[in-house]
Amino acid sequence: MAAPPNFEEGQSTYRPPRSILQTAHEGTTQVKQSKIDMLTTEYELFRMNDDESIQEMHTRFTSIINELNSLGETIPRNKLVSKILSILPRPWESKLNAITESKDLQELTIEELVGNLKTYEMKRKIDSENRESK
């Protein structure tokens, strides 16, 4: 008895023709590359909003980086640290200068940087509240 179309002799499950698999793979590759391109642009244009906390900025930033990582695109740690430092709003300039002068940016992790920035943010908030209460 002859095997039905798209079945090989002795095969019990359907196997699509190679041309369909190739087209599906190429489509998947194009979709993946489009996502990578979109996320890369989002990363390049990423900015911290003036009314945003460090945690909120970090959450948005991490989301982009994690999506890129899941698609096989890895950005070196030192570039991520530099990116975060470059997107801080103007009122953070003194902290930015202190970090760049006192830390080895090649060794600084994102967690250390964000922790440092959160501490500074809390101090700024307390200072601001103290000035308002006077």
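**View 1. The whole chain, before zooming in.** The accessible surface of this protein comes to about 9600 Å², and carbon and sulfur atoms account for 52% of that area. Keep in mind that what you're looking at is a predicted model. Its secondary structure is quick to list: five helices and zero strands, so the pattern along the sequence reads α-α-α-α-α. Of the 134 residues, 25% count as buried. Among contacts with a separation of 6 or more, 61% join residues 24 or more positions apart.

**View 2. The largest nonpolar core.** This core has 26 residues. If you want to find the ones with the most contacts inside it, look for Ile54, Met57, Phe61, Ile84, Leu113 and Leu117. The elements that give two or more residues here are helix H1 (18–44), helix H2 (54–70), helix H3 (77–86) and H5. H2 gives the most, with six residues.

**View 3. Leucine 117 and its surroundings.** Leucine 117 is part of helix H5, which runs over residues 110–133. With a relative accessible area of 0%, leucine 117 falls under the 20% cut-off and so counts as buried. Leaving out residues up to four places away in sequence, leucine 117 touches Ile54, Ile84, Leu88, Trp92, Lys95 and Ile99. Take isoleucine 54 from that list: it sits 63 residues from leucine 117 in sequence, yet the two C-alpha atoms are 6.9 Å apart in space. Leucine 117 also turns up among the core residues with the most contacts inside the core.

**View 4. Helix H5 from end to end.** Here's a simple check on the helix: at 1.5 Å a residue, the 24 residues of H5 should span 34 Å, and the end C-alpha atoms are indeed 34 Å apart, so the two values agree. The buried residues of H5 are Ile110, Leu113, Val114, Asn116, Leu117 and Tyr120. They pack against H2, H3 and helix H4 (93–102).

**View 5. Histidine 58, facing H5 residues.** Histidine 58 belongs to helix H2. Its relative accessibility is 19%, and because buried means under 20%, histidine 58 makes the cut. Setting aside residues up to four places away in sequence, histidine 58 touches Ile110 and Val114. Both of these partners are on the list of buried residues in H5.

**View 6. Phenylalanine 61 and the aromatic cluster.** A search of the whole structure turns up three aromatic pairs. Tyr43, Phe46 and Phe61 form one aromatic cluster. Phenylalanine 61 touches Tyr43, Phe46, Leu80, Lys83 and Ile84, again not counting residues up to four places away in sequence. Phe61 is also one of the residues with the most contacts inside the largest nonpolar core.

**View 7. Charges over rings.** Two spots are worth a look here. In one, the charged end of lysine 83 sits over the ring of tyrosine 43, 5.4 Å from its centre. That lysine is also one of the residues phenylalanine 61 touches. In the other, arginine 124 lies over the face of tryptophan 92, at 5.1 Å from the ring centre. Tryptophan 92 is among the residues leucine 117 touches.

**View 8. Lysine 103, in the loop between H4 and H5.** Lysine 103 lies in the loop that joins these two helices. Its relative accessible area is 36%, which lies between the 20% and 50% cut-offs, so lysine 103 counts as partly exposed. Neighbours within four places aside, lysine 103 is in contact with Leu108 and Asn116. Asn116 is one of the buried residues of H5. Ten residues along the chain separate lysine 103 from leucine 113, and their C-alpha atoms are 9.6 Å apart.

Key: Residues are numbered from 1 along each chain as its sequence is written. This is a predicted model: local features need pLDDT of at least 70, side-chain atom pairs count only at pLDDT 80 or more; totals for chains, interfaces and linings use all residues. Side-chain values use heavy atoms; hydrogens and water are left out. Helices (H or I, at least four residues) and strands (E, at least two) are DSSP runs, numbered from the N terminus. Buried means under 20% relative accessible area, exposed over 50%, partly exposed in between (1.4 Å probe, protein chains only). Contact means heavy atoms within 4.5 Å. Accessible areas come from the Shrake-Rupley method with a 1.4 Å probe; for residues, only the protein chains shown count as cover. A nonpolar core is a set of buried Ala, Val, Leu, Ile, Met, Phe, Trp, Tyr and Cys residues joined through side-chain atoms within 4.5 Å. Rings of Phe, Tyr and Trp (its six-membered ring) pair if their centres lie within 6.5 Å; planes under 30 degrees apart count as stacked, over 60 as edge-to-face and the rest as tilted. A charge sits over a ring if NZ of Lys or CZ of Arg is within 6 Å of the ring centre and within 35 degrees of the ring normal. The expected span of a helix is 1.5 Å times one less than its number of residues.
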